[in-house]
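Biologist: Hello! Could you walk me through the charged contacts in this chain, and then one of its loops?

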Amino acid sequence: PDRRRVLGPEMDWSEFREQYRSLHLVTLRDRTAAAAESRLDIAERILKPRTLGDVADSVALQKLQANLLAGFQSKGQKPRSAHTVKGYMAHVLAALNWAYVQDWLPNAPKIRKIKTSKQKVMKGRPITTEEFQQMLDAVAGVVGEPAATSWKHVLRGLWTSALRINELMN
């Protein structure tokens with residue numbers, strides 16, 4: 001209480017984290033807030049900042065991005081994919097941009113983001129025959145007996161045609 005709060009680039013990093021948590025992250029979904037906290041924790045362990053300005057520096061952000069790619073603070077110290085690092089950096093930059101909106105930074109941080117290709121791999125795996133049968137067995141309990149026959153028909157159509165749900169809806 002006796003200490004005067006410093007707001008701006010010289011603001012203590014821990015004070016910024018507390019302000020960001022209590023003023024901004026509470027407005028987001030729980031999972032989004034938890035992801036942001038986790039990404040900021042990793043950035044903090046890599047950069048070891050004392051102040052907000054230590055993180056908002058473009059050289060520090062480049063160092064963070066390079067270290068994330070190299071696998072610093074990852075499980076098993078394995079390199080991270082470019083897609084993963086791009087997502088991590090998005091959370092860090094969102095926090096810094098929020099600080100800029102609060103007038104705590106003189107300018108919005110800038111960094112050349114990693115170029116990533118569009119993902120051309122499956123985002124999931126096909127369900128097995130056993131899983132499909134379990135789904136059919138559960139239909140009546142979910143939609144009721146009167147609608148079960150039509151829903152089973154739709155599910156079999158999806159199964160045999162390999163359509164996705166959004167393709168079915170279109």
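**Salt bridges and a loop serine**

Modeller: Gladly! The side chains of Arg-17 and Asp-41 meet in a salt bridge, at 2.8 Å from N to O. Arg-17 sits in helix 1 and Asp-41 in helix 2, so this pair ties together parts 24 residues apart in sequence. Please keep in mind that this is a predicted model.

Biologist: Is Asp-41 buried, partly exposed or exposed?

Modeller: The relative accessible area of Asp-41 is 32%. Buried would need a value under 20%, and exposed one over 50%. Because 32% falls in between, Asp-41 is partly exposed.

Biologist: And is Arg-17 buried or exposed?

Modeller: For Arg-17 the relative accessible area is 5%. The cut-off for burial is under 20%, so with 5% Arg-17 is buried.

Biologist: With which residue does Arg-17 form a salt bridge whose closest N and O atoms are 2.6 Å apart?

Modeller: This partner lies in helix 2 (residues 30-47), while Arg-17 belongs to helix 1 (residues 13-24), and the two are 20 residues apart. Both members of the pair are buried. The residue you are after is Glu-37.

Biologist: How many residues apart in sequence are the parts tied together by Arg-17 and Glu-44?

Modeller: Arg-17 forms a salt bridge with Glu-44, with the closest N and O atoms 2.8 Å apart. Glu-44 is partly exposed, at a relative accessible area of 32%. Since Arg-17 lies in helix 1 and Glu-44 in helix 2, the pair joins parts whose spacing in sequence is 27 residues.

Biologist: Which residues are linked in a network of salt bridges?

Modeller: Side chains of opposite charge can pair when their charged atoms come close. Arg-17 pairs with Glu-37, with Asp-41 and with Glu-44. The structure holds 5 salt bridges. The linked residues are Arg-17, Glu-18, Arg-21, Glu-37, Asp-41 and Glu-44.

Biologist: Now for the loop between helix 4 and helix 5. Is Ser-74 buried or exposed?

Modeller: Ser-74 is found in that loop, between helix 4 (58-70) and helix 5 (82-101). Its relative accessibility is 13%, and the limit for burial is under 20%. Ser-74 therefore counts as buried.

Biologist: Which residue has the backbone oxygen that the side chain of Ser-74 reaches at 2.8 Å?

Modeller: One backbone oxygen, that of Gly-71, lies 2.7 Å from a polar atom of the Ser-74 side chain. The backbone oxygen reached at 2.8 Å belongs to Lys-78.

Biologist: What separates the C-alpha atoms of Ser-74 and Ile-42?

Modeller: Along the chain, Ser-74 and Ile-42 are 32 residues apart. In the model, their C-alpha atoms are separated by 8.7 Å.

Conventions
Residues are numbered from 1 along each chain as its sequence is written. This is a predicted model: local features need pLDDT of at least 70, side-chain atom pairs count only at pLDDT 80 or more; totals for chains, interfaces and linings use all residues. Side-chain values use heavy atoms; hydrogens and water are left out. Helices (H or I, at least four residues) and strands (E, at least two) are DSSP runs, numbered from the N terminus. Buried means under 20% relative accessible area, exposed over 50%, partly exposed in between (1.4 Å probe, protein chains only). A polar contact is a pair of N or O atoms within 3.5 Å; within protein, one must be able to donate a hydrogen and the other to accept it, and residues adjacent in sequence count only if both atoms are side-chain atoms. A salt bridge is a side-chain nitrogen of Lys or Arg within 4 Å of a carboxyl oxygen of Asp or Glu.
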